[in-house]
Amino acid sequence: MAVFDITIIIGAVLLTLFGGLFAAYIGLLERKLIGRIHSRYGPTMVGPYGLLQTVADAIKFMQKDFFVPKRADKLLFIVSPVFLTFLSFLLLSYLPWGNFSFIVSQYDLLIILGIVALSPVIILVAAWASNSKYSSIGGLRAVTQILAYEGVLFLSILPLVFISGSFSLAEIISAQKNYWFMFSEPFAFLLFLFAVIAITERQPFDLPEAESELVQGWLTEFGGPFFAVILLGQYIMLYVASFLLAALFLGGWGGAFGWIGFAVKVFAGVLVFIISRATYFRMRLDQLLDFSWKFLVPLGFANFLLSLLIVYTSL
Amino acid sequence: MEYLKIVFYFILSFFTAAKNIFRKPATIQYPKERPKIPEGWRGREVVRSDTCISCARCMFVCPVEAIDMYHPETGALANTPAQIAELPPGAVGHRMPGVDLGRCIFCGYCEEICPTTPKSIALKDIYELATIEHKGLRHPPQDLSPDKLPKEKAEEYLAHDTNVKAPKEQWTRQKRV
């Protein structure tokens, strides 16, 4: 049972602050970098070098009305975005913070995967509750996409779990003492990158919110505060994705640089996601599903079997 | 082979995009920065009262009838003989062209046909022409005189006699702050 002492409460406040700041400043960095890639400036006007732009955006979002569409399911409409963000924060609480972790578990990787697997249900609820054609198409797309790529995510993590013999993040990191899993398991790394981008619904796989077709996909009816909350959740998911990328494949905090090196790795992961957002174009839904079921899933199985063979012959 | 090519370009494009982060932005932040206007640019007309001889050739040559002759003292139109007859005697020699920018197509015929040296009506690099009302686009000659412009600009215009020459191709990305 969790004991609510003062450190937990302070930690929770700091965690929330970190979530907000990460969302604000990685969002700003994303806009700046993508602007530069497009030969633009990005935001420059609000504050020095546009540093307060996302703060201004947040204030603007919060000033707006709590608008619920006429035929929407009121309760579900209000609850679903909050619950989505809650899931993201729950993910954050399972990740270790230095030597401190909110919820210590032997199976934290498994629990994280379980929580990620919950998100399509809530997205479907959100899309159903908003009762609009764009939302429903976007929601169905989100669910098909996430279901297709969750398998890929699990298949990419399976070999790591078999090699390190544990579901805990710390042990997977300590198993990478000699070499990073990025080099010993390159295909798993590739699968993980694709799967994570698809699950966080970021740019090359952003079919659920394809602006040119579906307004904002399943986010269409969510305005103002709801949208801000969902955006916060999505940026926290981005953080979790980069955290897992750095922890599972880039050696985590194991190397000589410790936690600073780990922070740099997480930042590099974020940069990879941002640049791939600026570079690649959106796929069609059938191409997306073909790519998952016909290419990535068989590749994942083959990679898994191969790494099993290598592990058991070396034992 | 075809798939290998796709994979190659898939990876290459990532690094191309990453390289572009260090490129200078091409944006011209308009109210702060202004683009360099090339020579021979045909913008708004400038009318000089000291050289104009009231010949009204600009009014006759204007293909869209954007130019009207005005009597500067009273502000009355003085296009037709009937309108001139209502003016005080000797007003014919004091008429000056005014331009309706709602009609003007910036062809530069008026400047070309102007017989005086320096040209009394000339198209200069003035491009901020927006007004609040439609009426505001009809400019009497006083509005177009160089006195209404900032001093440096006016001196520059008065120093250059005309700009109807073969324009130099120098439309570039250069910025002038």
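What share of the 177 residues in chain B is buried? In this predicted model, buried residues make up 19% of chain B, and the paragraphs below begin with that chain, turn to its meeting with chain A, and end with some places in chain A itself.

Chain B contains six helices and eight strands, and, read from the N terminus, its elements follow the order α-β-β-α-β-β-α-β-α-β-β-α-α-β. When contacts in chain B between residues at least 6 apart in sequence are considered, 78% of them join residues at least 24 apart.

Part of this chain is organised as a sheet. Four strands of chain B, in the order β4-β3-β5-β7, form an open sheet whose pairing is antiparallel. The edge strands are β4 and β7 of chain B, the latter covering residues 138-139, and each of them pairs on one side only.

Strand β3 of chain B is a useful place to enter the sheet. Five of the five residues of this strand, which spans residues 67-71, are buried, so β3(B) is largely enclosed by the rest of the structure. The covering applies to both faces of the strand, since B:I67, B:M69 and B:H71 on one side are buried, as are B:D68 and B:Y70 on the other.

On one hand, β3(B) is joined by four bridges to strand β5 of chain B, residues 96-100, and the two run antiparallel. Within this pairing, B:D68 has B:G98 of β5(B) as its bridge partner, while B:I67 stands opposite B:V99 of β5(B). On the other hand, β3(B) pairs with strand β4 of chain B, residues 76-77, in the antiparallel sense over two bridges, and here the bridge partner of B:Y70 is B:L77 in β4(B). These two strands, β3(B) and β4(B), form a hairpin with four residues between them, and B:G75, which lies in the turn, has a positive phi of about 80 degrees.

From β5(B) the sheet can be followed to its other edge. Strand β5(B) is itself mostly covered, with four of its five residues buried, and it pairs with β7(B) in the antiparallel sense over two bridges. In that pairing B:D100 stands opposite B:R138 of β7(B), and B:V99 stands opposite B:H139 of β7(B). Residue B:V99 thus links the two pairings described here, for it faces B:I67 of β3(B) as well as B:H139 of β7(B).

How many residues of chain B are in contact with chain A? Ten residues of chain B are in contact with ten residues of chain A, and the side of chain B that touches chain A consists, by class, of six nonpolar, three polar and one charged residues.

One meeting between the chains involves two helices. The axes of helix α11 of chain A, residues 258-279, and helix α1 of chain B, residues 2-19, come within 9 Å and cross at roughly 100 degrees, and because of that angle α11(A) is described as roughly perpendicular to α1(B). The residues that make this contact are A:I275, A:S276, A:A278 and A:T279 of α11(A), together with B:S13, B:F14, B:A17 and B:A18 of α1(B). By class, the contact of these helices has five nonpolar, three polar and no charged residues.

Chain A averages a pLDDT of 85, and 98% of its residues score at least 70. Within this chain, confidence is lowest in helix α9, residues 211-214, at a mean of 78, and highest in helix α8, residues 186-199, at 89. Where pLDDT is low, the predicted coordinates should not be read in detail.

Two loop residues of chain A deserve a look for their backbone angles. Most residues other than glycine have a negative phi. Residue A:S39, although it is not a glycine, has a positive phi of about 65 degrees, and A:E201, likewise not a glycine, has a positive phi of about 55 degrees. Residue A:S39 is placed in the loop between α1 and α2 of chain A, whereas A:E201 lies in the loop between α8 and α9 of chain A.

Is each of these residues buried or exposed? Residue A:S39 is exposed, with 12 other C-beta atoms within 10 Å, whereas A:E201 counts as buried because it has 23 C-beta neighbours inside 10 Å. Between these categories stands A:A12, which is partly exposed with 14 other C-beta atoms within 10 Å and which has its place in helix α1 of chain A, residues 6-37.

How values were computed: Residues are numbered from 1 along each chain as its sequence is written. Chains are lettered from A and ligands numbered from 1 in the order in which they are written. This is a predicted model: local features need pLDDT of at least 70, side-chain atom pairs count only at pLDDT 80 or more; totals for chains, interfaces and linings use all residues. Two residues are in contact if their C-beta atoms, placed from the backbone, lie within 7 Å. Ala, Val, Leu, Ile, Met, Phe, Trp, Tyr, Cys and Pro count as nonpolar, Asp, Glu, Lys and Arg as charged, and the others, Gly among them, as polar. A residue is buried if 20 or more other C-beta atoms lie within 10 Å of its own, exposed if 12 or fewer, and partly exposed in between; C-beta atoms are placed from the backbone. Two strands pair if DSSP finds at least two bridges between them. Axes are lines fitted to C-alpha atoms, for helices over the stretch in contact, and angles run from 0 to 180 degrees between N-to-C directions. Angles under 35 degrees count as roughly parallel, over 145 as roughly antiparallel, 65 to 115 as roughly perpendicular and the rest as oblique. pLDDT is the predictor's confidence in each residue, from 0 to 100.
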